[in-house]
Amino acid sequence: MLVIGLESSAHTFGVGIVDGGKVIANEKEMYKIGKTGMIPAKVAEFHSENAAHVIKRAMQKAGVEPSEIEGIGYTMGPGLGPCLQVAQLSAKMLAKKLNVKIAPVNHCVAHAEITRHYGKLKDPIMLYVSGGNSQVLAIESKPFHHYSVIGETFDIGVGNMLDSFARNLELEPAWGSSIEKNAKGGRYIPLPYTVKGMDFSFTGLLTRSTELIGKERTADLCFSIQETAFAALCEATERALLLRNKEEIGVCGGVAQNESLRNMLQAIAKEHGYRFGFAPNEFNADNGGMIAYVAEKMLLGGMGRPVSECEIRQRYRTDGARLAIR
Ligand code: FE2
């Protein structure tokens with residue numbers, strides 16, 4: 001089935017096209033975040049200006065005509081309201097014009113599912129780490145087929161925590177990769193480490209690290225904040241694996257691009273003899289390909305909706321989304 005997917009939950013307007021589970025185009029335009037961060041209305045304006053030409057570019061890249069499109073997916077949530085609306089309205093307009101059904105996709109599930117696909121994982125414990133989210137996930141069949149949240153952050157997502165610290169250090173965007181670069185050659189300084197049961201917290205770590213700016217070397221702070229945050233995430237992930245008797249680990253979301261985190265998870269997998277998988281970085285960053293990928297499964301599974309029933313949900317939780325059964 002030829003399906004187009006639109007993503008605009010945050011700073012990226014992404015358009016992907018899939019055909020039979022294969023991503024054949026994955027185009028995007030990204031709003032450049034300055035020192036002020038993201039102002040939702042401004043980002044939404046950027047998306048509105050770019051939507052038409054990114055859609056056109058994706059179709060050209062895939063070599064398909066609009067009339068060949070058989071279904072549409074868009075990010076229903078979670079995300080920033082004004083931003084989400086751009087993909088939602090674009091999807092509705094396209095669906096009306098082409099007379100095809102729409103699948104509203106959960107952004108977090110899309111990251112997890114595309115990672116399951118590229119990482120060749122069947123039934124993993126999935127660590128989802130992005131700006132706004134940090135969750136340990138597992139697939140459940142009851143009471144409906146979905147990703148349950150086994151553990152999650154009590155306060156902020158690990159990505160936002162690292163971004164905030166990088167801004168406090170006055171590093172250049174992209175902040176996550178700036179911290180990773182600056183962490184090279186750093187030495188470990190003990191920092192607040194909070195894991196409670198399967199959940200974790202990052203605000204104490206951010207506060208203490210910020211207090212130490214100017215008192216400790218930047219490289220040591222960047223290295224230690226990463227080590228501490230990632231160790232907390234890995235502890236919860238490893239415990240989830242053992243509790244749920246799973247033998248595969250996946251990592252997805254923006255922070256999954258971080259090599260130190262991937263190396264730590266790889267080490268856990270190796271120790272237990274488990275499989276570890278992740279997707280290429282273009283799918284860990286926000287993208288339309290993963291939306292199209294999940295939308296195709298949903299449409300084939302009879303989960304398409306008429307245009308009138310396509311809403312947005314800013315706080316759409318991972319565990320509230322029904323997965324298509326394959
Ligand atoms: Fe994302």
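## An exposed lysine on α5

K181 lies in helix α5. Helices here are DSSP runs of H or I with at least four residues, strands are E runs of at least two, and both are numbered from the N terminus. K181 counts as exposed because its relative accessibility is 60%. The cut-offs are under 20% relative accessible area for buried, over 50% for exposed, and partly exposed in between, with a 1.4 Å probe and protein chains only. Between the C-alpha atoms of K181 and L98 there are 46 Å, with 83 residues separating them along the chain.

The model is predicted: local features need pLDDT of at least 70, side-chain atom pairs count only at pLDDT 80 or more, and totals for chains, interfaces and linings use all residues. Residues are numbered from 1 along each chain as its sequence is written, and side-chain values use heavy atoms, with hydrogens and water left out.

## Iron site

Which residues coordinate the iron ion? They are H107 through NE2, H111 through NE2 and D286 through OD, at 2.0 to 2.2 Å. Along the chain, these donors follow the spacing H-x3-H-x174-D. A donor is an N, O or S atom within 2.8 Å of the metal (3.2 Å for Na, K and Ca); water is not among the atoms, so sites may look incomplete.

Both histidines sit in helix α3, residues 107-118. H107 and H111 are 4 residues apart, about one turn of the helix. Buried or exposed? H107 and H111 are both buried.

## Largest pocket

The largest pocket has a volume of about 1600 Å³. Of its 49 lining residues, S130, G131, G132, N160 and D163 are the closest to the centre. Four elements give two or more residues to this lining: α3, β7 (134-140), α4 (158-168) and α5 (175-182). The largest share, 6 residues, comes from α4. Helix α3 thus appears twice in this report, as it holds H107 and H111 and also contributes to the lining of the largest pocket.

By class, the lining has 16 nonpolar, 25 polar and 8 charged residues. Ala, Val, Leu, Ile, Met, Phe, Trp, Tyr, Cys and Pro count as nonpolar, Asp, Glu, Lys and Arg as charged, and the others, Gly among them, as polar. At least three lining residues come from each of domain 1 (2-108 + 283-320) and domain 2 (120-278). The domain bounds come from an automatic or database domain assignment.

A pocket is found on a 1 Å grid over the protein atoms alone: it is an open set of points with protein on both sides within 12 Å along at least five of seven lines, and lining residues have an atom within 4 Å of a point. Grid points are joined across faces, edges and corners, and a volume is the space filled by probe spheres set on the points.

## Second largest pocket

The second largest pocket holds about 230 Å³ of space. Its lining includes A51, A52, I55, K56 and M59, along with P66, S90, M93, L94, K97 and L98. Helices α1 (40-62) and α2 (81-98) each supply at least two of the lining residues. By class, this lining has 8 nonpolar, 1 polar and 2 charged residues.

## Helix α7 and positive phi

Helix α7 covers residues 218-244, 27 in number. From first C-alpha to last, α7 reaches 39 Å, close to the 39 Å expected at 1.5 Å a residue. The expected span is 1.5 Å times one less than the number of residues.

Just after α7, N245 takes a positive phi of about 55°. N245 lies in the loop between α7 and β11 (248-252). N245 counts as exposed because its relative accessible area is 67%. E170 is not a glycine either, yet its phi is positive, about 60°. E170 is in the loop between α4 and α5. With 68% relative accessibility, E170 is exposed.

## Cis peptide bonds

The bond from G77 to P78 is cis, with omega near -5°. P78 is in the loop between β4 (71-77) and α2. K142 and P143 are also joined by a cis peptide bond, with omega about -5°. P143 is in the loop between β7 and β8 (146-152).

## An exposed lysine on β9

K196 is in strand β9, residues 194-196. K196 is exposed, at 54% relative accessibility. From K196 to K92 the C-alpha distance is 43 Å, and the two are 104 residues apart in sequence.

Notes
On a 1 Å grid over the protein atoms alone, a cavity is a set of points where a 1.4 Å probe fits but cannot get out, and a pocket is an open set with protein on both sides within 12 Å along at least five of seven lines; lining residues have an atom within 4 Å of a point.
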